[in-house]
Amino acid sequence: VLANGGIDAHIVHSLAEIDRYARWLRVPRDHFDFVPLQHPTEPVLLEEDEQAPFLLAMGSARRDYGLLCRVVGELGIPTTIVAAAHAVEGIAVPPNVTVVRGLTQDQCDELTQRARLCVVPVLNNETASGQVTLITSMMYGRATIVTRCIGSEDYVEDRVDGWLIAPQSEDDMRNAIITLWGDASRRRAMGAAARHRV
């Protein structure tokens, strides 16, 4: 807070952060600018894996993998979670879910491109979580389901270039996964719109 006298502008990557940080730092709202988080546009080199389709979830910051595991466990959909150990600690991981860690960025990018569907389940209503994973998935043209929260609402037009679900809603997540998993043309259209947006 003491340093704020010499700061001309604060950059945030979510509109909701403006009010929160303005109160926290005790500076006027007009000192904040929303600049969308950027990701270099990489070529899409791999296609969706049609022989062994899988759902992909990545990231370790404030994820709701308990919710995801309950839903995909019930649906029996092959799922890969890439996350640190703490992100899945205490969660009942069903047999159709594989948890991996320690992958390189190239390995993560390959998984993202090959996934039939990406999910970014967030359990955070205070700050932004999951933006990098969301934007990377969109950049690679993957249809992506993401929790409606700070950090996703500014980047997704619901049911156009991504699918926003209510926080902690099994029904929302189940409906989104079932719909997109079974509709290749809708996945392709959403993925193309997502890549265009990024």
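**Pockets and a sheet**

Colleague: Let's start with the largest pocket in this predicted model. Which class, nonpolar, polar or charged, gives 7 residues to its lining?

Modeller: The lining residues of the largest pocket split into three classes. Nonpolar residues number 6 and polar ones 2. That leaves the class with 7 residues: charged.

Colleague: And what is the volume of that pocket?

Modeller: First, where to look: 15 residues line the largest pocket, and Glu47, Glu48, Gly141, Arg142 and Arg188 lie nearest its centre. The volume of this pocket is about 290 Å³.

Colleague: Now the second largest pocket: which element gives the largest share of its lining?

Modeller: This pocket has a volume of about 220 Å³. Of its 14 lining residues, Met58, Gly59, Gln105, Cys108 and Thr133 are the closest to the centre. Two elements give two or more residues each, α4 (105–114) and α5 (131–139). The largest share, 4 residues, comes from α4.

Colleague: Which strands does α4 lie across?

Modeller: Take the sheet as your map: it is open, with 6 parallel strands in the order β5-β4-β3-β6-β7-β8. Its edge strands are β5 (97–100) and β8 (163–165), each pairing on one side only. Helix α4 runs at about 145° to β3, and the strands it lies across are β3 (55–58), β4 (79–82) and β6.

Colleague: Last one: which residue in β7 does Val119 stand opposite?

Modeller: Strands β6 (residues 117–120) and β7 (residues 144–147) run parallel and are joined by 3 bridges. Look along β7 for the partner of Val119, and you find Ile145.

Note on methods
Residues are numbered from 1 along each chain as its sequence is written. This is a predicted model: local features need pLDDT of at least 70, side-chain atom pairs count only at pLDDT 80 or more; totals for chains, interfaces and linings use all residues. Side-chain values use heavy atoms; hydrogens and water are left out. On a 1 Å grid over the protein atoms alone, a cavity is a set of points where a 1.4 Å probe fits but cannot get out, and a pocket is an open set with protein on both sides within 12 Å along at least five of seven lines; lining residues have an atom within 4 Å of a point. Grid points are joined across faces, edges and corners, and a volume is the space filled by probe spheres set on the points. Ala, Val, Leu, Ile, Met, Phe, Trp, Tyr, Cys and Pro count as nonpolar, Asp, Glu, Lys and Arg as charged, and the others, Gly among them, as polar. Two strands pair if DSSP finds at least two bridges between them. Contact means heavy atoms within 4.5 Å. Axes are lines fitted to C-alpha atoms, for helices over the stretch in contact, and angles run from 0 to 180 degrees between N-to-C directions.
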